[in-house]
Amino acid sequence: MHKESPVVKLLSKLVSIPSINPSLDRETVGCGEEPVTAFLEETSQNAGLVTERQKVATGRDNLLVRLPPAGEVKNRVLLAPHLDVVPAPLEAFIPKIIGNQLHGRGACDTKGSVACFFQALLDLASSSEPPQETEILFVGLVDEEFTQAGSRAFAESTITGDLAIVGEPTGLEVVSSHKGSLWIQLETTGKAAHGSTPEKGVNAIEKMHQAMNLLLGEYQKSLNSKSDPLLGRPTLSLGTIKGGDQPNIVPSRCQLELDRRTIPGESPESVMEDLHALFGVLGQSAPTIKISRTVPCPPLRTNPELPFAKLLLKCANQKQMKGVPYFTDASPLSMGGTPALVFGPGDIEQAHAEKEWIDIEELEKAHSIVLNFLKSLP
Ligand SMILES: [Zn+2]
């Protein structure tokens, strides 16, 4: 029975079109988002919908599909899932239905959301009962999995909405807050010397060791004392470390890269200020500090009292907005002036998993929630 439902059919089709993010595609299995963009574009045009492309990079366009209201446009709602997926071998792009699950790369992250949003748009378009005064704009975004170039390009355009629903596997919870992300590189320098006479050199790894002790001690403690009602504590993770050339040479350089997840109220400036203060006690041995990822990734905090936000919450039969730790396109879209929520079927644990799948019942439920929401718009 499930196999027959349009949203399941659509998701199977979407999974079968590889759209691996080219920036992550080391084995060049796919050719980026373009085949999915083209498929959705053609399907939209066949349904009589007006489409538009927004160039983001060579061969990589955001796809905009417009459903105009019956009357004058007074509001606009964006349905904004991403079209790219993380790498997987070719066989992961053969969709399989196993019991009540649909398996395949992207089934959960986030072609499940693409299928729900797009099918709801098609359903509403064919019902010939569009909202009276709210334009619905489906925005298929490229590059979420790398630098969110798609949502950042959209945010720089002149188009804004009263609300965007960003598709990610939230398990049908409506998410109004998520953490921000900062990558920070620390570097210590020393003086090389022969390993048999370490006293003649200055050891950069030993200097970094002192910095790490401060990070994992005092700094971690200060992070533990901060808290956001929906997001909890900010976090720190030591991601990479590189230093030294071989055991018998005193290392002259050591680099450490941190992943720092921020909560509302924290900014890159405040984080850098705190780190400079932390390492002050090290004097000459203090590492240099720089932000190593240049695109801004601030935390998301959307006002849960916005009328359309409350409407989505009601349609999803939820009492309260939720917070999640991971970064999404909702943050760049918000920076561009469109308040954004995150919503979609699937469990985030499945995202990027070797065997990725989605629960079919949940997929269908998400589709009906989004359709009800669109039908309830003024
Ligand atoms: Zn995703």
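Start with the whole chain on display: of the 378 residues in the protein chain, 45% are buried. The model is a predicted one. Colour the chain by secondary structure, and 9 helices and 16 strands should appear. Turn the C-alpha trace along its principal axes; the spans are about 80 × 45 × 40 Å. Contacts across the chain deserve a moment as well. Among those between residues at least 6 apart in sequence, 78% join residues at least 24 apart.

**Stop 1: the two domains**

Select residues 2–178 together with 299–376 and give them one colour; the domain assignment calls this set domain 1. Then select 180–291, which is assigned as domain 2. The C-alpha centres of domain 1 and domain 2 are 37 Å apart. Where they touch, domain 1 contributes 9 residues and domain 2 contributes 8 residues. On the side of domain 1 that touches domain 2, the residues are 4 nonpolar, 3 polar and 2 charged.

**Stop 2: helices α3 and α9**

Next, select residues 111–126, which form helix α3, and residues 360–376, which form helix α9. Their axes are 9 Å apart, and the helices pack at an angle of about 40°. This angle makes α3 oblique to α9. The crossing of these two helices, α3 and α9, is right-handed.

Now show the side chains at the contact. From α3, select Gly112, Ala115, Cys116, Phe117, Gln119, Ala120, Asp123 and Leu124. From α9, add Leu363, Ala366, His367, Val370, Leu371, Leu374 and Lys375. Coloured by class, the contact of α3 with α9 shows 10 nonpolar, 3 polar and 2 charged residues.

**Stop 3: helices α7 and α9**

Keep α9 on display and select residues 307–315, helix α7. How far apart are the axes of α7 and α9? The distance is 9 Å, and the packing angle is about 135°. The helices α7 and α9 are therefore oblique to each other. The crossing of α7 and α9 is right-handed.

On the α7 side of this contact, select Leu311, Leu312 and Cys315. They meet Ile369, Asn372, Phe373 and Ser376 in α9. The contact of α7 with α9 has 5 nonpolar residues, 2 polar residues and no charged ones.

**Stop 4: a cis peptide bond**

Move to Asp109 and Thr110, and display the backbone atoms. The peptide bond that joins Asp109 and Thr110 is cis, with omega about -5°. Thr110 is found in the loop between β5 (101–103) and α3, the helix already visited at Stop 2.

**Stop 5: the loop between β6 and α4**

Select strand β6 (134–140) and helix α4 (149–156), then look at the loop between them, where Asp143 lies. Is Asp143 buried or exposed? Asp143 counts as buried because it has 26 C-beta neighbours inside 10 Å, and the cut-off for a buried residue is 20 or more. Although Asp143 is not a glycine, its phi is positive, at about 65°.

In this loop between β6 and α4, select Gln148 also. What is the phi of Gln148? The value is positive, about 55°, although Gln148 is not a glycine. Gln148 is buried, because 24 other C-beta atoms lie within 10 Å.

How values were computed
Residues numbered from 1 in each chain as written. Predicted model: local features only at pLDDT ≥ 70, side-chain atom pairs only at ≥ 80, totals over all residues. Axes fitted to C-alpha atoms, helices over the stretch in contact; angles between N-to-C directions. Helix = DSSP H or I, 4+ residues; strand = E, 2+ residues; numbered from the N terminus. Parallel < 35°, antiparallel > 145°, perpendicular 65-115°, else oblique. Left-handed = near helix turned anticlockwise from the far one by under 90°. Contact = placed C-beta atoms within 7 Å. Nonpolar A, V, L, I, M, F, W, Y, C, P; charged D, E, K, R; others polar. Domains from an automatic or database assignment. Buried ≥ 20, exposed ≤ 12 C-beta atoms within 10 Å, placed from the backbone.
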